[in-house]
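Biologist: I am new to this structure and should like to be guided through it. May we proceed by question and answer?

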Amino acid sequence: MLVQALIKPNTYFDSVSLMSLSTKANQIEEVEQAIIAMGTEMNKEVMKNVGLLTPEVEVAGASDLIIVVKAATDELCETAFKKINELFTKKNSGKKGTNDIKYSTISSAAGSNPEANLAIIAVNGAYAAREAKKALENDLHVMMFSDNVSIEDEIELKRFAHEKGLFMMGPDCGTAIIGNTALCFANAVRKGNIGIVGASGTGSQEVSVRIHEFGFGISQLIGTGGRDLKEEVGGIMMLDGIQALEDDEETKVIVVISKPPAPSVEEKVLAKIKTCKKPVVVWFVGGNEEKIIAAGAHFAKMSKEAALKAVLLAGADESKLNKRALNIPLIEEVRTKLTSEQKYVRGLFSGGTLADEAMHAAMEKFDNVYSNIQRNPEYRLKDRYTSQEHTFIDFGDDEYTQGKPHPMIDPSTRLARFVQEAKDPSVGAIVMDFVIGYGAHEDPVGAFLPAIIEAKQQAEQEGRHLEIIGYVLGTELDPQNYQEQIDKLLAAGVTHASSMQNAGLLAREFVVKGE
Amino acid sequence: MINAISGDTDFIKEFNNSKFTGFVHSTFNRTLNIKCFENGDLYTIACSNLDNGPNTLIIDVDNMKSINIVVDDRVHVENNLLYIGDRLTISIEKVNIWESILPSYTPNVEILKQNVMKVKEYINIHGVGGGIKKNFIPQNPFEAEVSNLLEKRTLLLFNELINDRISSAFSHAVSLVGLGPGLTPSGDDFLTGLFTIFNMKNSPFYPYRSFCEDVLKKARTLTNDISYMTLKKAANGKVRDSIISLLNSILVEDDQDLILSLNKLLNIGSSSGTDIAYGIVFGMEATIRAGGKVC
């Protein structure tokens with residue numbers, strides 16, 4: 001590898017431009033590494049430390065801009081410099097894409113983009129309601145990513161939106177796909193004729209990904225925010241979402257996803273579904289089959305089942321679908337490897353609904369299933385740092401994210417817990433999700449690999465088999481490399497589950513004794 | 001002719017003495033800097049969407065680029081009008097005078113402790129990584145090394161400050177100057193925040209504020225002109241309005257106001273706002289830990 005430098009004397013770029021140029025320079029194909037920085041003594045010291053100091057850099061001054069390129073050959077360095085210079089020229093020409101324009105208020109953004117019809121609000125919760133109100137007043141649909149918004153504000157905003165015929169998705173709405181554009185945390189899925197209304201972010205992601213895998217696609221995915229089906233809010237957006245999908249010509253089948261609604265809200269939603277002219281699949285995690293069937297809807301107990309029913313209703317030929325049945329011989333094989341002491345599952349999840357689905361799968365077979373999101377207080381974890389028997393943790397829950405980014409972005413908290421659980425001799429299987437897609441970590445499996453390898457080696461040295469089940473929520477169209485994530489899991493000796501439903505079922509089956 | 005909306009008192013003084021001459025030192029989308037021949041200092045002309053700052057005049061335009069001012073254009077003041085080549089004339093007839101005045105350090109340490117903790121938690125989540133705040137996955141080895149050095153050196157500085165070893169703190173502070181790739185390197189931004197705390201009246205560090213001047217003397221050759229000017233002003237307790245707003249919010253109990261002013265600061269530059277905010281938190285934590293011992 002060669003290191004070459006270019007010095008631009010007395011050249012200043014503001015910090016934002018410099019950061020952007022630096023990022024783009026590192027994306028140039030020929031470049032192994034590029035650095036664009038002011039030539040201060042301290043920066044030169046750093047370049048020396050990382051082996052990138054050249055004679056030209058050594059003599060640069062504090063007011064000079066230095067560009068250092070590491071590439072395989074002289075020619076590639078030259079090409080890289082040429083491309084970097086083009087980036088500078090573009091920057092100086094003042095031509096900007098619309099993505100680069102920053103607005104300080106919603107009104108100015110709306111005024112300058114009359115064709116815009118949706119605003120994403122991702123400010124501190126204390127100000128989110130105010131900004132959402134402004135957006136709605138400007139006739140914009142709202143997707144509110146922010147949480148910590150009062151339920152009173154949520155009700156007021158949703159009523160206001162409803163009156164104006166607008167969507168108010170959220171608060172705490174992390175997933176939507178509108179007009180084939182993924183918003184916030186969502187996956188790149190095919191466009192199609194199945195619409196989703198979901199009060200659950202990762203639940204909606206999971207169903208959209210499974211539909212994609214079955215060869216079908218999504219017309220719209222409307223997120224409502226997790227509190228929409230609470231008594232106080234009354235499912236305002238869920239009802240509007242179902243109506244919108246019923247009115248949408250491109251949507252042939254509707255999937256409704258939520259944790260169990262408040263009884264009065266469930267009644268309203270099912271009444272709405274009963275009058276809907278399009279087929280509706282309902283997946284309420286832990287929901288009541290009878291009520292759903294009575295409403296004329298199609299009941300799904302789990303996520304893959306919901307996706308499967310949706311694609312069949314949309315016209316799929318069942319005989320041609322790979323439904324990816326559970327690998328029964330593998331279950332037998334793993335059971336023989338686990339000792340009688342290894343009887344518990346530990347589920348460590350970044351997605352709340354994914355945790356919930358796996359937990360419900362375990363609850364079908366075991367009574368002693370604990371979690372931080374258990375609805376039964378008796379089985380709520382007493383200490384969030386200590387697992388009890390079968391334990392399923394949603395690391396995205398507020399108690400784990402205080403002062404930290406969401407685990408789909410920063411895996412550190414979950415990683416530390418994984419190391420802890422892997423040492424527990426009573427653990428038979430650890431099940432984890434690895435969510436990719438827009439907004440998610442660029443290499444979630446990679447972040448866990450060293451710990452997984454070490455944990456498995458450690459267990460082996462102690463004479464026990466540690467079964468790890470990994471599920472990658474994503475598609476081959478996502479910005480990360482989906483197949484590479486799976487390959488990494490497999491190479492580390494992890495059992496790869498093809499869906500969240502299978503991951504949950506495999507985990508529970510692995511630790512069953514005496515069947 | 002364009003009207004100035006508001007201006008720093010030092011800049012207005014230069015206007016009024018009519019001996020201000022210089023040239024355009026650098027131009028950006030929302031600011032341009034003038035180097036004054038008389039005193040060698042930099043003065044900033046900024047767009048209306050920026051906050052007040054030392055040596056800064058805010059004018060009634062949205063974007064500086066449209067005026068087509070170029071580096072080396074000559075600047076002079078005549079009859080209370082500032083001329084930049086033949087491209088721009090600025091009047092201060094309707095200007096509101098602004099002065100950088102830091103609040104006094106609070107006697108209510110409990111509120112201070114709580115607010116500093118809230119600010120720290122907030123920037124840990126919402127701050128921009130790559131400088132004082134480490135990115136979980138650094139973009140390249142250079143960034144990783146810069147972050148490591150920033151972490152080590154700020155920690156060393158902290159230990160010296162809380163143990164009342166101001167003279168040995170000096171070398172660690174100097175080792176931060178110019179550290180970071182940006183126009184205002186992260187180390188400089190951090191020191192800007194820290195210097196501010198030294199200059200708050202009644203702060204435990206206030207009697208030692210010559211520390212800032214001492215660091216500044218070393219900084220002249222260690223960083224670029226623009227960043228040096230910011231440090232020079234901060235060493236004398238002159239900082240931009242968004243920093244003062246945050247300090248005011250940290251001293252009282254009003255969460256909404258605290259987050260609002262913090263967000264404004266975090267929006268400065270790419271990681272600059274975050275680095276300044278960390279400098280403030282660091283300085284405040286050091287004063288709390290040092291307490292009466294330093295005084």
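**Helix packing, chain A and unusual backbone sites**

Modeller: We may begin in chain B of this predicted model, where helix 8 (residues 241-250) and helix 10 (residues 272-290) pack with their axes 11 Å apart and at an angle of about 40°.

Biologist: How do the residues of the contact between helix 8 of chain B and helix 10 of chain B divide into nonpolar, polar and charged?

Modeller: Helix 8 of chain B contributes Ile243(B), Leu246(B), Leu247(B) and Ile250(B), which meet Ile276(B), Ile280(B) and Met284(B) of helix 10 of chain B. The division of these residues is no charged, no polar and 7 nonpolar.

Biologist: What is the handedness of the crossing of helix 8 of chain B and helix 10 of chain B?

Modeller: The two helices pack at an angle of about 40°. Helix 8 of chain B passes helix 10 of chain B in a crossing that is right-handed.

Biologist: Are helix 3 of chain B and helix 4 of chain B roughly parallel or roughly antiparallel?

Modeller: Helix 3 (residues 141-162) of chain B packs against helix 4 (residues 166-174) of chain B with axes 8 Å apart and an angle of about 165°. Angles over 145 degrees count as roughly antiparallel. Therefore helix 3 of chain B is, relative to helix 4 of chain B, roughly antiparallel.

Biologist: Which residues of helix 4 of chain B make the contact with helix 3 of chain B?

Modeller: The crossing of these two helices is left-handed. From helix 3 of chain B come Arg153(B), Leu156(B), Leu157(B), Glu160(B) and Leu161(B). The residues of the contact divide into 6 nonpolar, 2 polar and 2 charged. Helix 4 of chain B supplies Ile166(B), Ser168(B), Ala169(B), His172(B) and Ala173(B).

Biologist: Let us turn to chain A. What share of its residues is buried?

Modeller: The secondary structure of chain A comes to 19 helices and 19 strands. Chain A exposes about 21700 Å², of which carbon and sulfur atoms supply 49%. Of the 515 residues in chain A, the buried share is 55%.

Biologist: Are helix 17 of chain A and helix 18 of chain A roughly parallel or roughly antiparallel?

Modeller: The axes of helix 17 (residues 444-461) of chain A and helix 18 (residues 482-491) of chain A come within 9 Å and cross at roughly 10°. Angles under 35 degrees count as roughly parallel. Helix 17 of chain A is therefore, with respect to helix 18 of chain A, roughly parallel.

Biologist: Which peptide bond is cis, with omega near 10°?

Modeller: Most peptide bonds are trans. Pro171(A) lies in the loop between strand 6 (168-169) and strand 7 (175-178) of chain A. The cis bond is the one from Gly170(A) to Pro171(A).

Biologist: Asp172(A) lies in the loop between strand 6 and strand 7 of chain A. How far is its C-alpha atom from that of Ala122(A)?

Modeller: Beyond its neighbours within four places in sequence, Asp172(A) is in contact with residues including Met144(A), Phe145(A) and Gly225(A). Ala122(A) is 50 residues away along the chain, and the separation of the two C-alpha atoms is 9.3 Å.

Biologist: Is Arg324(A) buried, partly exposed or exposed?

Modeller: Arg324(A) sits in the loop between helix 12 (303-313) and helix 13 (328-337) of chain A. Although not a glycine, Arg324(A) has a positive phi of about 50°. Because its relative accessibility is 37%, Arg324(A) counts as partly exposed.

Note on methods. Residues are numbered from 1 along each chain as its sequence is written. Chains are lettered from A and ligands numbered from 1 in the order in which they are written. This is a predicted model: local features need pLDDT of at least 70, side-chain atom pairs count only at pLDDT 80 or more; totals for chains, interfaces and linings use all residues. Side-chain values use heavy atoms; hydrogens and water are left out. Axes are lines fitted to C-alpha atoms, for helices over the stretch in contact, and angles run from 0 to 180 degrees between N-to-C directions. Helices (H or I, at least four residues) and strands (E, at least two) are DSSP runs, numbered from the N terminus. Angles under 35 degrees count as roughly parallel, over 145 as roughly antiparallel, 65 to 115 as roughly perpendicular and the rest as oblique. A crossing is left-handed if the near helix is turned anticlockwise from the far one by less than a right angle, and right-handed if clockwise. Contact means heavy atoms within 4.5 Å. Ala, Val, Leu, Ile, Met, Phe, Trp, Tyr, Cys and Pro count as nonpolar, Asp, Glu, Lys and Arg as charged, and the others, Gly among them, as polar. Buried means under 20% relative accessible area, exposed over 50%, partly exposed in between (1.4 Å probe, protein chains only). Accessible areas come from the Shrake-Rupley method with a 1.4 Å probe; for residues, only the protein chains shown count as cover.
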